[in-house]
Amino acid sequence: MDRSTIENGVEDAQQLPATDDEFGGVVVEMKEPMDPDIFRSLLKTSMSQWKLQGKKGIWIKLPIDLSNLVDTAVKEGFKFHHAEPEYLMLLKWIPNTKNPIPANASHIARVGAIVLNDKREEKMGNLRGIWKISTGILHQGEDITVGVVREVKEETGIDVEFVEVLAFSQEHNVFFGKSEILFLCMMHPLSFEIKLQETEIEAARWMPLEEYEAQLSIQERGLRECIKKLCIAKVERGYSGLSPFPVTTDSNGNPSYIYFNKDDLNRV
């Protein structure tokens, strides 16, 4: 526990351990077990001090083994912000103004793989009677170019390499109210023998584009029509999608990418 001090340096009161964030708030990261009554007392004292200091957003990170403190924090005005498998993050906005802190992530990112063989047949998987391209959610920290290769391999056993992003779509209320961005990626096959992964899909085969488009699922008819047009435009007219280029690198050496049409950018 920390202690706050008054101007003459005399110890005033115990506080919860906290670090300042870059937006004028503090982050309390609880790590050690604590009795809820002691936690409530320290939280009240800490909140009084933070108000005097002009702090704004107060974050409390509770690991799953300290879930007994959640009720106490909620009763002191904290609300859930987001949760991960191992912790819950709570937030309280102190000023009497509108809370400007963004809500938890509003979108999930999905990739879809378009893989054509020499016969202009698309690799398809069957799930609940509908033939579809390989799709899947990107893992945390996973690049588009890596995730889409993984998804194809997991579903069909085919090795592919990333070419470019042909297009992307946005759909709302997909997963517990979250929106979804789907990146349609053109892939180049490095192998052609399908090795079905039964834990992922029910069947897989190479399918002519016309047969794929003709399926009767109303929900995906528009998307399938666009995929067929994109494939034809790419093969017959040299349609150019978006390619990744590194722009920054984080403290761990991981690059960030910007995607753009390199052909038109370099055209004189």
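How many helices and how many strands are there in the protein chain? The model, which is predicted, contains 6 helices and 16 strands. The protein chain has 268 residues, and 38% of them count as buried. Its exposed surface comes to about 16,100 Å². Carbon and sulfur atoms account for 52% of that area. Contacts were also examined by sequence separation. Of those between residues at least 6 apart in sequence, 56% join residues at least 24 apart.

One open sheet was traced strand by strand. It is built from 5 strands in the order β3-β4-β5-β7-β6. The pairing within this sheet is mixed. β3 (19–20) and β6 occupy the edges. Each has a single partner strand, so one side of each is left without a neighbour in the sheet. For β6, the contact with strand β7 (residues 87–93) is antiparallel and comprises 5 bridges. Within this pair, Glu84 lies opposite Tyr87 of β7. In general, strands of a sheet pair through backbone hydrogen bonds, in either the parallel or the antiparallel sense.

The edge strand β6 also takes part in a pocket lining. The second largest pocket holds about 280 Å³ of space. Its lining consists of His82, Ala83, Glu84, Asn104, Ala105, His107, Ile108, Phe175, Phe176 and Lys178. By class, these residues divide into 5 nonpolar, 3 polar and 2 charged. Two strands, β6 (79–84) and β8 (107–115), each supply at least two lining residues. Which strand gives the most to this lining? That is β6, with 3 residues. Glu84 thus appears twice in this description: it lines the second largest pocket, and it stands opposite Tyr87 in the β6–β7 pair.

A further antiparallel pair is found later in the sequence. Strand β15 (residues 243–249) and strand β16 (residues 255–260) are joined over 6 bridges. Together, β15 and β16 form a hairpin, with 5 residues between them. One residue of the turn, Gly253, has a positive phi of about 85°. Which residue of β16 is the bridge partner of Thr248? The partner is Ser256.

Two antiparallel pairs are therefore described here by their bridges: β6 with β7, over 5 bridges, and β15 with β16, over 6 bridges.

Conventions
Residues numbered from 1 in each chain as written. Predicted model: local features only at pLDDT ≥ 70, side-chain atom pairs only at ≥ 80, totals over all residues. Heavy atoms only, no water. Pairing = 2+ DSSP bridges. Helix = DSSP H or I, 4+ residues; strand = E, 2+ residues; numbered from the N terminus. 1 Å grid on protein atoms, 1.4 Å probe; cavity = no way out; pocket = protein on both sides within 12 Å on 5 of 7 lines; lining within 4 Å. Points joined across faces, edges and corners; volume = space filled by probe spheres on them. Nonpolar A, V, L, I, M, F, W, Y, C, P; charged D, E, K, R; others polar. Buried < 20%, exposed > 50% of the residue type's maximum accessible area, 1.4 Å probe, protein only. Contact = heavy atoms within 4.5 Å. Areas by Shrake-Rupley, 256 points an atom, 1.4 Å probe, with all protein chains shown as cover.
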